[in-house]
Structure formats: C-alpha cells, structure tokens
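The exercises below are meant for a reader meeting this structure for the first time. Try each task before reading the solution that follows.

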Amino acid sequence: MSRPQTPPEPTARDVASHDLAIHDLAVLGGGASGMVAAIAAARRGRKVLLLEKSRSLGRKLLASGGERCNLGNTLSKDEYMERFGRQGRFMGPALDLLGQEKLREFFHGIGVKTVVLDGFRVWPETRKSTTVLAGLVDEMKRLGVAVAVNCTVERTSHDGELFVVEHPGGSFRARELVVATGGLALPKSGASGGGYAFAESFGHSITPRFPAGVPLVTAEDWPAGCTAHTIGKAHVQVAIKKHAKIQGTGDLIFTNDGIRGPVVLDMSREISALLDKHGEVPLWLNLCRGRNQEDWRQTFKQWARGEPVPLIERLGEHLPREVAEALCAIAGIDPTTGIHQLEGAARDALILVLDKTPLTVTGTTGYDRAFVTRGGVKLKEVRSETLESKLQPGLYLCGEVLDLDGPCGGFNLQWAFASGFLAGQTLGSEATARG
Ligand SMILES: Cc1cc2nc3c(=O)[nH]c(=O)nc-3n(C[C@H](O)[C@H](O)[C@H](O)COP(=O)(O)OP(=O)(O)OC[C@H]3O[C@@H](n4cnc5c(N)ncnc54)[C@H](O)[C@@H]3O)c2cc1C
C-alpha cells in the first residue's frame, strides 16, 4: 500500500485545553526522537502530550538525506558505536532495544517498508522522507497521542510533585517529561537549542557546542576556481601533530569559500571543535588517490623520458586542470613549464604539494548548513540504561540534545529513533520502581 506523499498535517489542538489535565507524559519536541518516544510510551498505555514549536512535525526529518531520509545503516552495534567516538558506548542499551534490525521492524510495523541499496544505508522503500513522517504521525494518531504544534515551550520546572511546562498560552503539569528538542543545526526546521536551557534548569551541564557535518571555510581562495570538480578518494588529514589521527578518505568538493563533500562533513565534527581551540586548522590534502612522494618521483622520471610536453598536460592525467594549476601555483611553478625542464628543487617542491596539499580551515559555514550539533547535555548526568536524568527523577532526554553526534550515513537518525524508543519504553516503569 503506497503512502501519501505529503503527510497529513497533525491537528493543532488548543494547548490551553490540555492545561487542566495532568498528563502522564509531556514530550517536548516533535522531531524524530520525540515522536518515537511518544509512540513507545503511548503503546504502554501512557497519556501523552507532545509539543512542537514549528507549525508542523518532523521538519528536520523531512529534510534528511536530501528529503529521502537515510534513517539508519547496517553496521553492527559495536561498529556503529565506535563511529561516535569514545562516548559511543553510552548508546549500547538504546541499540539493544532498537538496533538496526529492530529499527527496520519498527518501521515495517507502522507501514514504512525500508530498503538497503548499497549494503550500508537504510532508506524508506519510497525513498521519500514524507513516507517516514506519515508513518510516525499515523501511529501517534492511532495511539491517541495529543499533539500541539505552533507551541514553543518556554520554561520547565518541577514543583516537588509534578513537572510544570510553560508555553505562551499558559502552563500544564505532567508526571514525567521527555526533552527531545534536538540541537542547533538547521534553525529553519525549528532547531533553537531551547532544550539545553530546560536541562540546565534541572541542574544539567551542557558541553560546548559546535556545528558538525558542515562545509568548511578556508583561508586560501583557490578552491573557488575548482568548484566544478569532485575529487574521488581524496585523503584529508589535520596537519597538527597532536591531532594527526584526525583523517579520512572520500569524495571532496571545492566550494566558493572552501571545501565540502562526505569526507569533509565527517571530519568537520572534530575540526569544528579544534577551530574553537586553535583559531584555524591546517590540513593536508592528497587529491591523487593516495599517490605518495615516491610514486610521484617514479612518474616524473617516466615523464622525463617521454614527449617534451608542458607539465600541465601530464598533471592533467591525474587531476582536473584547474586543480593542477592551483597546486603548481602553491609550489611556485609555471604550469606551462616543459616537463623536461622541471628538475631539482622545483620538482621536489611540486612533489611535496602533490602528496600533501596545504589548506587552512578558518571556520565552518555555521548551523544553517550543518547536519548535526556536536556537544549537548553531558552524558555522565544521564542513565544510559533508561535515558533518565540522574539529577531529576522523571526527566528523560533523547536524540540530538544529548552530547552525541555521528558521521553522515544514517547514524544520527538511528540514534534519535533508538534513544526516543528507549526513553518512551522505560519511563513510567522507572517511576514505579522508584516508588
Ligand atoms: C539537512 C539535514 C539532513 C540530514 N540528513 C540525515 C540523514 O539522512 N540521516 C541521518 O541519520 N541524519 C540526518 N540528519 C541529522 C538528523 O536529522 C538529526 O540528527 C535528527 O533529526 C535529530 O532528531 P531529534 O529528534 O533529536 O531533533 P529534531 O529532529 O531537530 O527535533 C527536535 C524538535 O524539537 C522542536 N523544538 C525545539 N525547541 C522547542 C521548544 N522550546 N518547544 C517545542 N518544540 C521545540 C524543534 O522544532 C524540532 O522539531 C540531517 C540533518 C540535517 C539538518
């Protein structure tokens, strides 16, 4: 059965009408993690109210994966956690509950079939994020989750007995609270970072936040002359000795003010934090599929024995012409120099630049163009087994608001769904256990 392309708009109920009732659970944020938390809790019979500041639910979900929604991947639990860095193990309990296979089963169960086309990325079968959103919205409707859109939560507190949630039209009380307000990336989707203040109001610490999964701005302007080209299997390495392990290989694209492409977006998570510390971050690029200095020496010897053509003709066999010209300029060499005339120090300088092209990152293009936020609510203050706050019983946090960010490839949505599910699945039972 095919799903409608545009998800049905959830009814914007008058929030004030909810104010009189005491809710089992208020979920703040109608994104990926909040909707799944609401579903998991409602399936267990909880009376749930979900509040979303935007005029519709799941706006970032809709934008995800070029509006096709790469909702997960097929990595094993351990490989998946490793890609989040040393904090990754925090995700273990959530992945035990909704790892990649169970996530696909979950979506299948709400009428969203999924496919894996490249052996790695999981997509909805329709390749449309609207299908994913429609599945989640329909399931919430089926379960009777009360939804209020256009409702910005302004403050949260606890009166000793219940949570108090304040919004422009008034306030209401709830036994438990899920903060699923996401991060700062893509502000037009509703991301505003409000959830950090809610967490802080209960005593939580917030780690420094940076745009991640984001194009980088460089001091050099030569990338602007190369925007027509994608360099496959480019190797990028941070040229700071202490941080030289920050490196990666993949497609790299030049932009008018720097670089982007999968390898750049993935490394930007760490470079963004380094920028804060160092002001600028030097990189070395290898744009010739890993050819090293010795490879180039042999190649130059071979060229010297061949036709006496200009250097740029030969370099053009390995690099787009504009990129080759830029690299010659860095090495201080005229690209029209005859290949037989290129010797000694000049040739060595060019070989060095071909092996390690220097580029200096001076900034990122900011949250407007970022996929995810690095940093967030400190993990040490949250129980990984339940996602309940260690500081405020009954408070749960899930999704991007927590200090976890993954690379591109379905990592961040999978975490948003899995963490939402864990929070929705365990709340209430925890409260019962606490008595
Ligand atoms: C362009 C783009 C493409 C992406 N593509 C992918 C992809 O293909 N695969 C992948 O895995 N990840 C992708 N990501 C990342 C992924 O979408 C996010 O990590 C994920 O959606 C986070 O889910 P969340 O529920 O934590 O937050 P969000 O989806 O951001 O939801 C939080 C919600 O809370 C609401 N909110 C905030 N403050 C308040 C408040 N005070 N009161 C009420 N509501 C509030 C917001 O409006 C928002 O709707 C992409 C991100 C972007 C920006």
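**Exercise 1.** How many salt bridges does the rule find across the interface of domain 1 and domain 2?

*Solution.* Begin with the bounds, bearing in mind that this is a predicted model: domain 1 covers 16-210 + 373-434, while domain 2 covers 215-365. Across the interface of these two domains, the rule finds one salt bridge. Next, look for charged partners: arginine 269 forms a salt bridge with aspartate 405, and their closest N and O atoms are 2.7 Å apart. Finally, place the two residues within the bounds, where 269 falls in 215-365, the range of domain 2, and 405 falls in 373-434, a part of domain 1.

**Exercise 2.** Describe the rest of the interface between the two domains.

*Solution.* Start with the overall layout, in which the centres of domain 1 and domain 2, taken over C-alpha atoms, are separated by 41 Å. The contact draws on eight residues from domain 1 and seven residues from domain 2. Then turn to the area: the two domains bury about 640 Å² between them, with 51% of it on carbon and sulfur atoms. On the side of domain 1, Phe210, Arg374 and Cys408 lose the most area to domain 2, and together they account for 71% of what that side buries. As a last step, count the polar contacts, which come to four residue pairs between domain 1 and domain 2, with both residues at pLDDT 80 or more.

**Exercise 3.** Which residues touch the most other members of the largest nonpolar core?

*Solution.* The largest nonpolar core has 83 residues, and those touching the most other members are Leu61, Phe107, Leu136, Leu402, Trp415 and Phe417. Take leucine 61 as an example: leaving aside neighbours within four places in sequence, its contacts include Ala32, Met35, Cys69, Val132, Leu136 and Phe417. A second, separate core of 45 residues has Cys226, Phe300, Trp303 and Ala331 among its members.

**Exercise 4.** Find where the confidence of the prediction is below 50.

*Solution.* Consider the whole chain before its parts: the average pLDDT is 93, and 94% of the residues score at least 70. Over residues 1-13, however, the pLDDT is below 50, although this stretch has 29 contacts in the model beyond near neighbours in sequence. Residues 430-435 also have a pLDDT below 50, and this stretch has nine such contacts.

Notes:
Residues numbered from 1 in each chain as written. Predicted model: local features only at pLDDT ≥ 70, side-chain atom pairs only at ≥ 80, totals over all residues. Heavy atoms only, no water. Core = buried A, V, L, I, M, F, W, Y, C linked by side-chain atoms within 4.5 Å. Buried < 20%, exposed > 50% of the residue type's maximum accessible area, 1.4 Å probe, protein only. Contact = heavy atoms within 4.5 Å. pLDDT = per-residue confidence, 0-100. Domains from an automatic or database assignment. Buried area = accessible area lost by both parts, 1.4 Å probe. Salt bridge = Lys/Arg side-chain N within 4 Å of Asp/Glu carboxyl O. Polar contact = N/O pair within 3.5 Å; in protein donor to acceptor, adjacent residues only side chain to side chain.
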